[in-house]
Amino acid sequence: TENTRESTRKGSRVCLSAEESQENGRLVAEKSQKVNPGTGQVSNGYPSTSPQSPREGTGAVGDRPGGPGGFRTLVVQQTSLDPPRETWSKKMDFLLSVIGYAVDLGNVWRFPYICYQNGGGAFLLPYLLMAVFGGVPLFYMELALGQFHRSGCISIWKHICPIFKGIGFAICIIALYIAFYYNTIMAWALYYLLSSFRSTLPWTTCTNAWNTANCTHYLSTDLNVSWTNTSISPAEEFYTRQVLQVHLSPGLHQLGAVSWQLALCLLFIFTVVYFSIWKGVKTSGKVVWVTATFPYLVLLILLVRGATLPGAWRGVVFYLQPDWEKLLSTTVWIDAAAQIFFSLGPGFGVLLAFASYNPFHNNCYKDALVTSSVNCLTSFVSGFVIFTVLGYMAEMRQQGVETVAKDAGPSLLFIIYAEAIANMPAATFFAIIFFLMIIMLGLDSTFAGLEGVITAMLDEFPHLLARRREWFVLGLVCVCYLGALSTLTYGGAFVVKLFEEYATGPAVITVVFLEVIAVSWFYGTKRFCNDVQLMLGFSPGLFWRVCWVAICPCFLLFIIGSFLAFPPEVRLFDYVYPFWTTVLGYCIGVSSFICVPSYMVYHLLTTKGTFKQVSQSQSWRQQRVIPSVTVHKPRM
């Protein structure tokens, strides 16, 4: 009939429009779509492994059984088509970006220190358990969410549970706080790198203007030099008195002036960051081929060199010798949970952003297992790189490894390891590649953290920022640089420690806890697993479902409870942080988390309907009202 022909023409136009925007157009899947076990097709006729998804593009053609005179049904569903979205040039660009983000400075200094502090080889048991039941499921969940909804950490909540949209804003603020202090550590490394281009490294002598009377100069050839409790190595004085200049600041109440040398170093770091991410993942995906692979080459070189040093075996034994009694301590399990969480990095919006640029049917399950395994293995190998050198230093000083390894955090790299490098043959070469590695490890994480913010803002305000990405990135980098100026003062190291302990840790863990609750309990594990099934052709198994619903929330509550029950005693060098700094730190942390309840109140006041209706995801409401155009035509 004429009406049938007109409907056919309309359906053809709809399908053509969808094909033209094949990569990024979206057609919402019906709630009833399920994979048919017998045919491997969903109910609207999509093959489960087709190159395109119902959320991405075309209509569905389902063949109904019938004889020669039967009919064929064409079901077309249409929603608003999104603008074209950028994608990764290659799969390896994505994998290297995720690995570069997950493998950061913490893998090199934090894991080895926490490992030997909590029972050596015995610590690997709680670490692996926390990884399997907590870290990896969260990692997998974020990759799947980002890939399915193709949105940043703010706009994704309109598809999941709009009332929790404040989580996205909180993540962006936390990312800014991290950028304020994390890049300063790279500025320190750049200062060391520039100081390494000389035949005699400046942290090997006690004749410099910054040295004190307690400076004890020694090399492996100085057999007559003795090390006492009052001795200070030239490496420690170079770090504290020349690079940081903390002796010029009495504490957080009087930070002092900005170090112009560090200000220039940080300016160079942010310049590199800007020109690496200003064009999007097309450019940053190429940069990570260098920044994500070079650290592994350096780690291999340092591992081989460290293994050949005298006393290296002492460090290895100290690193891995198990102390099973420590497993009875709650602190060990708290440290294992916190380490795997901050190492894999769910909750910072980065995994959502990176996965959103993937093809719809990319196997994010496999990606999650590969990248998380590489991350954990890197942490383990880094322990050998660090402790072979600590054993060497203990042999030189005729002290125990536990005495040499008393420093944690950046001091482990910039004092102990820098000093060990200075005592090696070809010290200049090893110093250059080591500090290059530190810079590249930090750059990868900075690329990722800022890309999470950029993707979130561009997806939330596309009409305002989509065509002004370069200017927005420039403004963001400028804000980060200005925010980091307090960390470049003489007391800047105290600010870095304050941000690290209070401004990010508790806040981001609480945010991820709410994210898991929103996805597993509000959006629903069943619906989330159906989404994964549409992408991958198979549904997550019972293990993943139980982890998302119960184990991961308990895992995160365990970490949050540990922070509240055992607040950290913060100190740096000889400075003990007073009580008012603790209050200040928690205020900074709450300033990001406050976005979550604030947006909930705003959403409830501005949206009409019951609580269930206003908290319901936009995509789910759309699925209930989208009309289907059904066309019957004779089977040929």
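This is a short tutorial chat about reading a predicted protein model.

User: Where do I start? How many helices and strands does the protein have?

Analyst: Start with a quick inventory, and keep in mind that this is a predicted model. The protein has 26 helices and 7 strands. Of its 636 residues, 58% are buried. Then look at contacts between residues with a separation of 6 or more: 82% of those link residues 24 or more positions apart.

User: Let's take one helix. How many residues does α14 have, and what span does it reach?

Analyst: Here's the general idea. An α-helix has 3.6 residues a turn, so residues three or four places apart point the same way. Now the case: α14 covers residues 364–397, which is 34 residues. From first C-alpha to last, α14 reaches 49 Å, close to the 50 Å expected at 1.5 Å a residue. Right after α14 comes Q398, whose phi is positive, near 60 degrees.

User: And how do I describe two helices that pack together? At what angle do the axes of α3 and α14 cross?

Analyst: Two packed helices are described by the angle between their axes and the distance between the axes. For α3 (residues 105–117) and α14, the axes come within 8 Å and cross at roughly 75 degrees. Angles from 65 to 115 degrees count as roughly perpendicular, so α3 is roughly perpendicular to α14.

User: Which residues make that contact?

Analyst: On the α3 side you'll find N107, V108, F111, P112 and Y116. On the α14 side there are N375, S379, F380, S382, G383, I386 and F387. Sort the residues of this contact by type and you get 7 nonpolar, 5 polar and no charged.

User: Earlier you mentioned a positive phi. Which other residues have one without being a glycine?

Analyst: The background first: most residues other than glycine have a negative phi, and most peptide bonds are trans. Two cases to look up here are Q245, with a positive phi of about 60 degrees, and F573, with a positive phi of about 55 degrees. Q245 sits in the loop between α7 (234–243) and α8 (260–277). F573 is in the loop between β5 (571–572) and β6 (575–576).

User: Are those two buried or partly exposed?

Analyst: You read that from relative accessible area, where under 20% counts as buried. Q245 is at 14%, so Q245 counts as buried. F573 has 30%, so F573 is partly exposed.

User: Now cysteines. How many disulfides are there, and which residues form one?

Analyst: The test is whether two cysteine sulfur atoms lie within 2.5 Å. By that rule there is 1 disulfide. C206 and C215 form it, with their sulfur atoms 1.9 Å apart. The torsion about their S-S bond is about -70 degrees, so the disulfide is left-handed. C206 is partly exposed at 22% relative accessible area, while C215 counts as buried at 12%.

User: Why is C552 in no disulfide?

Analyst: Check the distance against the cut-off. The nearest cysteine sulfur, that of C547, is 5.4 Å away from C552, and a disulfide needs sulfur atoms within 2.5 Å. C552 counts as buried, with 0% relative accessibility. For another cysteine, look at C587, which is partly exposed at 48%.

User: How do I look at what surrounds a single residue? What does G285 touch, for example?

Analyst: Ask where the residue sits, whether it's buried, and what it touches beyond its neighbours within four places in sequence. G285 is in helix α9 (residues 281–291), and it is buried at 0% relative accessible area. Its contacts, leaving those neighbours aside, are W88, D93 and S97. G285 and S89 are 196 residues apart along the chain, yet their C-alpha atoms are separated by 7.6 Å.

User: Can we try that on a loop residue? Where is K165, and which residues does it contact?

Analyst: K165 is in the loop between α5 (157–160) and α6 (166–195). With 15% relative accessibility, K165 counts as buried. Outside its sequence neighbours within four places, K165 is in contact with I154, W157, E460 and Y599. C153 is 12 residues from K165 in sequence and 8.4 Å away, C-alpha to C-alpha.

User: One last try: what does T525 touch?

Analyst: T525 is in helix α21 (residues 505–536) and counts as buried at 11% relative accessibility. Not counting residues up to four places away in sequence, T525 touches V519, S520, R545, W548 and V549.

Conventions
Residues numbered from 1 in each chain as written. Predicted model: local features only at pLDDT ≥ 70, side-chain atom pairs only at ≥ 80, totals over all residues. Heavy atoms only, no water. Expected span 1.5 Å × (residues − 1). Axes fitted to C-alpha atoms, helices over the stretch in contact; angles between N-to-C directions. Parallel < 35°, antiparallel > 145°, perpendicular 65-115°, else oblique. Contact = heavy atoms within 4.5 Å. Nonpolar A, V, L, I, M, F, W, Y, C, P; charged D, E, K, R; others polar. Buried < 20%, exposed > 50% of the residue type's maximum accessible area, 1.4 Å probe, protein only.
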